[in-house]
Amino acid sequence: MRIYIDADACPVKDEVYRVAARHNLPVTVVAAGFIRVPADPTIERVAAGSGMDAADDWIAERIGPGDIVITADIPLASRCVKAGAEAIAPNGRPFSEQSIGMMLAVRNLMHDLRSAGEVTRGPPPFSPRDRSAFLSTLDAAIRRMQRSQGQESQR
């Protein structure tokens, strides 16, 4: 079990470090280039390169069942969920097989509208409520996976 952070523009990295330390979980922080991380042997830093979707591809190639990814990137979340991992947005919204299709459709529609010159609003500002929801969702996901792994090891 490992937590991956899609780190470019992730506002909850510090929260992930604290929760991971409490549960004694390793964290891999993946960014396009250099990113500062705490000096901790359980936190790994990866500079995936500046290519289009390099960080996303790096994560998607390694993630699997029992892992968690923190990302706001809907296509990456979709790839991770399909690989059997948990995916959580920084605002605490969990991605699931059931919700990902609609999220991708809305994302693509908004992209098409912007390409056609339509002025659209961006996401709402990140709030303390988002941070709290994120912490609750992450903790619940870790506990659920730990229970699941505990049941598997007893078999």
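Start by selecting helix α1, residues 13-23, in this predicted model. α1 lies across β1, β2, β3 and β4, and its direction makes an angle of about 175° with β1. Now show the side chains: K13, E15, V16, Y17, V19, A20 and H23 are the buried ones in α1. Step just past the helix and you land on N24, which has a positive phi, near 55°.

Next, colour the strands. How many strands form the open sheet, and in what order? There are six, running β3-β2-β1-β4-β5-β6, with mixed pairing. At the edges you'll find β3 and β6 (94-95), each pairing on one side only. Zoom in on the β6 end: β5, residues 86-88, is antiparallel to β6 and joined to it by two bridges. For a closer look, pick I88 and its bridge partner in β6, P94.

Now go over to helix α2, residues 54-62. Display A54, A55, D56, W58, I59 and A60, which are buried. What do the buried residues of α2 pack against? Select β1 (3-6), β2 (27-31), β3 (43-47) and β4 (68-70), then add helix α3 (74-82), and you have the list.

Time for the nonpolar interior. The largest nonpolar core holds 24 residues, and I3, I70 and L138 have the most contacts inside it. Elements giving two or more residues to this core are β1, α1, β2, β4 and α5 (128-154). Of these, α5 gives the most, with five residues.

Centre the view on I3 and show what is around it. Leaving aside residues up to four places away in sequence, I3 touches V16 and A20, two of the buried residues of α1 from the opening stop. I3 also touches L25, P26, V27 and T28, along with I68 and I70. L138 and I142 complete the set of I3 contacts.

There is a second core to pick out, separate from that one, with 20 residues. Select V46, L76, V81 and A89, which are among its members.

For the last stop, find V106 in helix α4, residues 97-115. Is V106 buried, partly exposed or exposed? V106 counts as partly exposed because its relative accessibility is 42%. Finally, draw a distance from the C-alpha of V106 to that of Q146: the two residues are 40 apart in sequence and 33 Å apart in space.

Conventions: Residues are numbered from 1 along each chain as its sequence is written. This is a predicted model: local features need pLDDT of at least 70, side-chain atom pairs count only at pLDDT 80 or more; totals for chains, interfaces and linings use all residues. Side-chain values use heavy atoms; hydrogens and water are left out. Buried means under 20% relative accessible area, exposed over 50%, partly exposed in between (1.4 Å probe, protein chains only). Helices (H or I, at least four residues) and strands (E, at least two) are DSSP runs, numbered from the N terminus. Contact means heavy atoms within 4.5 Å. Two strands pair if DSSP finds at least two bridges between them. Axes are lines fitted to C-alpha atoms, for helices over the stretch in contact, and angles run from 0 to 180 degrees between N-to-C directions. A nonpolar core is a set of buried Ala, Val, Leu, Ile, Met, Phe, Trp, Tyr and Cys residues joined through side-chain atoms within 4.5 Å.
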